[in-house]
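Here are some short exercises to work through with the model open beside you. Try each task before reading its solution.

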Amino acid sequence: MAGHSATEGWAPTGIDTSVPSIARVYDAMLGGKDNFAVDRAVAEKVRGVLPISKESAWEHREVLARGVRYLTSQGIDQFLDLGSGLPTVQNTHQVAQAANPKARVVYVDNDPIVLTHGRALLAGDARTKVVTADLRDPADVLSRPEVRELIDLDRPLGLLLVGVVHHLADTEDPAGVVKQYLDAAAPGSFLFLTHFRSQPPTTDALEQVFLSMLGSGRFRTQTEIEALFEGLEMVEPGVVELPRWRPDGPLPQATDGPSNLIAAGAGRKPAV
């Protein structure tokens, strides 16, 4: 990946390296280098509760790629990747543009390091932009010049909320935030979303790690996650654990392992 390594003592101006970042914690869980000691501490604590959390993090990247490929197969050629995190392998624009070189992608994240690395990675790519913004403010995100330049809200688009809605507290009305983006999207648009799924007692301990060390990370029930797709035409197989969402190979058997702790689903906004 282009850019600097945070472990080499570099950080953009204004970054508080004593406070963990969601994007950098996930980077640490994936074995990346763009994180600080405070981020690695959270990742290590998560691994202490769930030893194979790194495998789950990679499954998350793989399901993102499958989701983007499915949406491109349905004719989607513009994507808004909300809470995108740090660049790694199988980034949204790479997957989408491999299927359709004209596909356009806007990444949105509130961590300035994402912007710094994104600009380095995307130098010379006029069809992909990175925006530093808070996805909890859809009106602001959708009005940004970078978004308006590449995303035509009068045409179907792919809304990607991968590994991010579970970092919205109940008081922040995650369902309302998702609905605002869907209301702004044209009929025929798709929502692809993944979310921590409640599986007590394992997830009780994990949730406490996230909430105490990161300040966010809610494990919601299957019913709560499915409610985020209200009003949409669900894509088969519905909201299921990551490996079972449209796998590239044979359908995996259901397990009681960490794969059940994250659910994925996609839905299409119907015509009025």
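**Exercise 1. Take stock of the fold: how many helices and strands are in the chain?**

Step 1. Count the elements: the chain has ten helices and eight strands, taken as DSSP runs numbered from the N terminus (helices H or I, at least four residues; strands E, at least two). This is a predicted model, in which local features need pLDDT of at least 70, side-chain atom pairs count only at pLDDT 80 or more, and totals for chains, interfaces and linings use all residues. Residues are numbered from 1 along each chain as its sequence is written, and side-chain values use heavy atoms, with hydrogens and water left out.

Step 2. Turn to burial: 53% of the 272 residues count as buried (under 20% relative accessible area; exposed is over 50%, partly exposed in between; 1.4 Å probe, protein chains only).

Step 3. Look at contacts (heavy atoms within 4.5 Å). Among those between residues at least 6 apart in sequence, 70% join residues at least 24 apart.

**Exercise 2. Find the largest nonpolar core: which of its residues touch the most other members?**

Step 1. Recall the rule: a nonpolar core is a set of buried Ala, Val, Leu, Ile, Met, Phe, Trp, Tyr and Cys residues joined through side-chain atoms within 4.5 Å.

Step 2. Pick out the best-connected members. In this core of 40 residues they are Val46, Val68, Leu71, Phe79, Leu160, Phe192 and Trp245.

Step 3. Trace the contributors: elements giving two or more residues include α1 (22-29), α2 (37-49), α4 (92-99) and β2 (104-109). Helix α3 supplies the largest share, six residues.

Step 4. Zoom in on Phe79. Beyond four places in sequence, its contacts include Val68, Leu71, Ala96, Val106, Ile151 and Leu160.

Step 5. Now look elsewhere: another core, of 32 residues, lies apart from the largest one and has Leu168, Leu182, Leu228 and Leu232 among its members.

**Exercise 3. Examine Asp81: which side chain of opposite charge is nearest?**

Step 1. Locate Asp81 in strand β1 (residues 78-82).

Step 2. Check for a charged partner. Asp81 is buried and has no salt bridge; Arg61, the nearest side chain of opposite charge, is 6.4 Å away. Here Lys and Arg count as positive and Asp and Glu as negative, with His and the chain ends not counted; a salt bridge needs a side-chain nitrogen of Lys or Arg within 4 Å of a carboxyl oxygen of Asp or Glu.

Step 3. Look for neighbours instead: Asp81 touches residues including Thr92, Val106 and Leu160.

**Exercise 4. Compare salt bridges: which partner does Arg155 have, and how far apart are the closest N and O atoms?**

Step 1. Start with the total, 13 salt bridges.

Step 2. Arg155 pairs with Asp77, the closest N and O atoms being 3.0 Å apart. Arg155 lies in the loop between α7 (145-150) and β4 and Asp77 in the loop between α3 and β1, so this pair ties together parts 78 residues apart in sequence.

Step 3. Compare exposure: Arg155 is partly exposed at 30% relative accessible area, whereas Asp77 is buried at 16%.

Step 4. Move to helix α8, where Lys179 and Asp183 lie four residues apart, about one turn of the helix. Their side chains form a salt bridge of 2.9 Å, N to O.

Step 5. Finish with Glu207 and Arg218, whose side chains meet at 3.1 Å, N to O, in a salt bridge. Salt bridges with shared partners join Asp170, Glu207, Arg218 and Arg220 into one network.
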